[in-house]
Amino acid sequence: ASYIDLVKGRNALIERAGRATADFDAIAMPTLAIVAPPIADFTGDREHWLAANALILRNTYVANFLDRPAITLPCHPPGAGPVGLMLLGATMGDAGLLRLAAGIEAALA
């Protein structure tokens, strides 16, 4: 019964997010909450790894939880730390999101 309640609650959030963003082609946000750290940063203590991993997954988790497609476009200058622009599309809106991303990618080039 608890699982069914959780699924119903998630579905309600998915519907609510769909209504709130229906007038937009996509939601733009940073892919990561921080500049991606080097892999070596993840070989140390577990608490540091968990904190960094939570920041890395935070923004992308939204797309997964809301059952929406997302794509990230690199938008950093050459030689700078990797930074991505994430576009979050509508549920089942993969094709439209890819077209939008291609246009933005061309504009950023």
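These are my notebook entries on one protein chain, taken from a predicted model.

**Entry 1, layout.** I began with the secondary structure and found three helices and three strands in the protein chain. Reading from the N terminus, I noted the order of the elements as α-β-α-β-β-α.

**Entry 2, strand pairing.** I then looked up which strands pair with E3, the strand of residues 84-88. Strand E1, residues 27-30, runs antiparallel to E3 and is joined to it by four bridges. Within that pair I picked out Met 29, whose bridge partner in E3 is Met 86. Strand E2, residues 70-74, also pairs with E3 in the antiparallel sense, here over five bridges. For this second pair I wrote down Ala 70, which stands opposite Leu 88 of E3.

**Entry 3, burial of E3.** Why is strand E3 largely enclosed by the rest of the structure? I checked the accessibility of its residues and found that four of the five are buried, so the strand is largely enclosed by the rest of the structure. As a reminder to myself, side chains in a regular strand alternate between the two faces of the sheet.

**Entry 4, Thr 21.** I next turned to a loop residue, Thr 21, which sits between helix H1 (2-20) and E1. Is Thr 21 buried or exposed? Its relative accessibility is 15%, and because buried means under 20%, Thr 21 counts as buried. Leaving aside residues up to four places away in sequence, I found that Thr 21 touches Ile 27 and Arg 68. Ile 27 lies within the residue range of strand E1, 27-30.

**Entry 5, overall dimensions.** For the chain as a whole I compared the radius of gyration with the globule rule: the protein chain has 17 Å, whereas a compact globule of 109 residues would have a value near 13 Å. Along the principal axes, the C-alpha atoms fill a box of roughly 45 × 40 × 20 Å. Buried residues make up 18% of the 109 residues.

**Entry 6, contacts, surface and charge.** I looked at contacts between residues at least 6 apart in sequence, and 58% of these join residues at least 24 apart. The accessible surface of the protein chain comes to about 7600 Å², and carbon and sulfur atoms account for 64% of that area. Last, I took the charges, 8 positive and 10 negative, and noted that their mean positions are 7 Å apart.

Conventions
Residues are numbered from 1 along each chain as its sequence is written. This is a predicted model: local features need pLDDT of at least 70, side-chain atom pairs count only at pLDDT 80 or more; totals for chains, interfaces and linings use all residues. Side-chain values use heavy atoms; hydrogens and water are left out. Buried means under 20% relative accessible area, exposed over 50%, partly exposed in between (1.4 Å probe, protein chains only). Two strands pair if DSSP finds at least two bridges between them. The radius of gyration is taken over C-alpha atoms; the globule rule is 2.2 Å times the number of residues to the power 0.38. Contact means heavy atoms within 4.5 Å. Accessible areas come from the Shrake-Rupley method with a 1.4 Å probe; for residues, only the protein chains shown count as cover. Lys and Arg count as positive and Asp and Glu as negative; His and the chain ends are not counted. The place of a charge is taken as NZ of Lys, CZ of Arg, CG of Asp or CD of Glu.
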